[in-house]
Amino acid sequence: MAEFTHTPVTVDGKVAVVVGGTSGIGRAIALGFAADGADVVATSRTPERVATTADELRELGADTREITCDVTDRESLERLRDAVREEFGTVDVLVNSPSYIARKPVREVTEEQWRDVFEVQLDGTYRATQVFADGMDSGSVINMASLSSLIAIPNLAAYSTAKGGIDAFTRVAAKELGPDIRVNAIRPGFIQSDQTEGTYTEGTPRFEEIRRRTTQGRMGRADEITGAAIYLASDAASYTTGEILTVDDGFTADAFDA
Ligand SMILES: NC(=O)c1ccc[n+]([C@@H]2O[C@H](COP(=O)([O-])OP(=O)(O)OC[C@H]3O[C@@H](n4cnc5c(N)ncnc54)[C@H](OP(=O)(O)O)[C@@H]3O)[C@@H](O)[C@H]2O)c1
């Protein structure tokens with residue numbers, strides 16, 4: 001057989017921090033990483049959520065710590081980074097998955113709502129990436145993008161604009177932090193979570209649009225994002241950086257019959 005090399009898609013043995021890792025997509029990624037053999041710190045603002053997720057991670061065999069953080073507070077991110085490095089010796093993977101959304105039309109969205117969305121989504125992603133890149137010799141950062149940076153979703157101007165910033169930030173950070181640190185993003189479709197709860201219920205025109213434009217006619221589950229995160233975090237992705245990987249069951253590929 002001619003020379004053949006193959007790097008498995010796995011995070012086994014890695015140390016991962018998932019910010020916004022106690023609910024929805026972040027929690028699914030944290031649990032998936034743990035099931036695949038990583039040690040994982042899943043963090044967010046609420047101590048009870050952090051403790052519950054830590055129990056779930058331990059049940060899956062991962063070593064973990066219960067540390068809260070708020071992405072709007074740089075010091076809390078620095079404390080998190082220092083604690084994880086002290087306890088585990090390294091951080092191999094950072095997932096940025098905190099969520100905040102304001103559903104308001106352009107004419108009505110307030111300065112405060114606009115700022116709050118940016119503060120968590122875009123500034124939080126920048127802040128956590130910068131804090132963790134400081135002292136990360138090598139590794140992988142995974143940000144959460146959105147379809148809303150590609151297509152216009154009315155009422156989501158602040159969210160969509162912040163997500164457009166995450167696309168741009170991901171590409172620039174990939175160039176600057178490479179080759180040692182790879183920076184990618186996942187662009188999920190419409191996924192069931194706290195963020196989407198009650199918004200895309202069956203029978204509404206929004207849900208019908210999701211049904212029509214996806215191949216399976218349904219919203220996604222948070223665990224359907226996990227595989228993409230495991231790939232991007234794994235050594236199998238050694239030549240993948242600056243990429244935004246869409247996982248939307250064909251929603252953005254949809255047009256009409258010719
Ligand atoms: N669901 C979708 O359809 C969808 C689609 C595209 C993109 N996304 C993106 O995917 C990411 C995760 O969304 P999700 O739907 O999984 O949301 P989610 O279920 O609402 O979870 C959000 C998580 O972020 C944490 N969080 C909120 N504010 C925070 C802060 N200031 N600092 C640290 N953690 C904070 C929450 O915990 P605490 O409240 O305890 O802090 C929670 O763990 C977001 O970036 C979202 O924009 C979601």
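The following paragraphs describe the sheet, the helix packing and the ligand surroundings of a predicted model.

The strands are considered first. Six of them form an open sheet, in which the order is E2-E1-E3-E4-E5-E6 and the pairing is parallel. The edges of this sheet are occupied by strand E2, which covers residues 39-43, and by strand E6, which covers residues 244-247, and each of these edge strands pairs on one side only. From one strand to the next, the twist averages 15 degrees. Within the sheet, strand E1, made up of residues 15-19, is joined to E2 in the parallel sense over 5 bridges, and in this pair Val 19 stands opposite Thr 43 of E2. Helix H6, which spans residues 157-177, packs on the sheet, where it touches strand E4 (139-144), strand E5 (181-188) and E6, and the direction of H6 makes about 160 degrees with that of E5.

Contacts between helices were examined next, beginning with the pair formed by helix H3 (residues 74-88) and helix H5 (residues 122-133), which pack at an angle of about 40 degrees with their axes 10 Å apart. Because of this angle, H3 is described as oblique to H5, and the crossing of the two helices is right-handed. On the H3 side the contact involves Arg 74, Leu 77, Glu 78 and Arg 81, which meet Arg 127, Ala 128, Val 131 and Phe 132 on the H5 side. Sorted by character, the residues of this contact comprise 4 nonpolar and 4 charged residues, with no polar ones.

H5 also packs with helix H4 (residues 111-120), at an angle of about 25 degrees and with the axes 2 Å apart. H4 and H5 are therefore classed as roughly parallel to each other. Their contact is made by Phe 118, Glu 119 and Val 120 of H4 together with Leu 122, Asp 123 and Gly 124 of H5, and these residues divide into 3 nonpolar, 1 polar and 2 charged.

The surroundings of the ligand complete the description. The ligand is surrounded by 29 residues, of which the closest are Gly 20, Gly 24, Ser 44, Thr 46 and Ser 193. Helix H1, which runs over residues 24-35, provides the largest share of this shell, with 3 residues. In terms of residue character, the shell around the ligand contains 11 nonpolar, 14 polar and 4 charged residues.

Conventions: Residues are numbered from 1 along each chain as its sequence is written. This is a predicted model: local features need pLDDT of at least 70, side-chain atom pairs count only at pLDDT 80 or more; totals for chains, interfaces and linings use all residues. Two strands pair if DSSP finds at least two bridges between them. Helices (H or I, at least four residues) and strands (E, at least two) are DSSP runs, numbered from the N terminus. Axes are lines fitted to C-alpha atoms, for helices over the stretch in contact, and angles run from 0 to 180 degrees between N-to-C directions. Two residues are in contact if their C-beta atoms, placed from the backbone, lie within 7 Å. Angles under 35 degrees count as roughly parallel, over 145 as roughly antiparallel, 65 to 115 as roughly perpendicular and the rest as oblique. A crossing is left-handed if the near helix is turned anticlockwise from the far one by less than a right angle, and right-handed if clockwise. Ala, Val, Leu, Ile, Met, Phe, Trp, Tyr, Cys and Pro count as nonpolar, Asp, Glu, Lys and Arg as charged, and the others, Gly among them, as polar. A residue is near a molecule or strand if its C-beta atom, placed from the backbone, lies within 6 Å of it.
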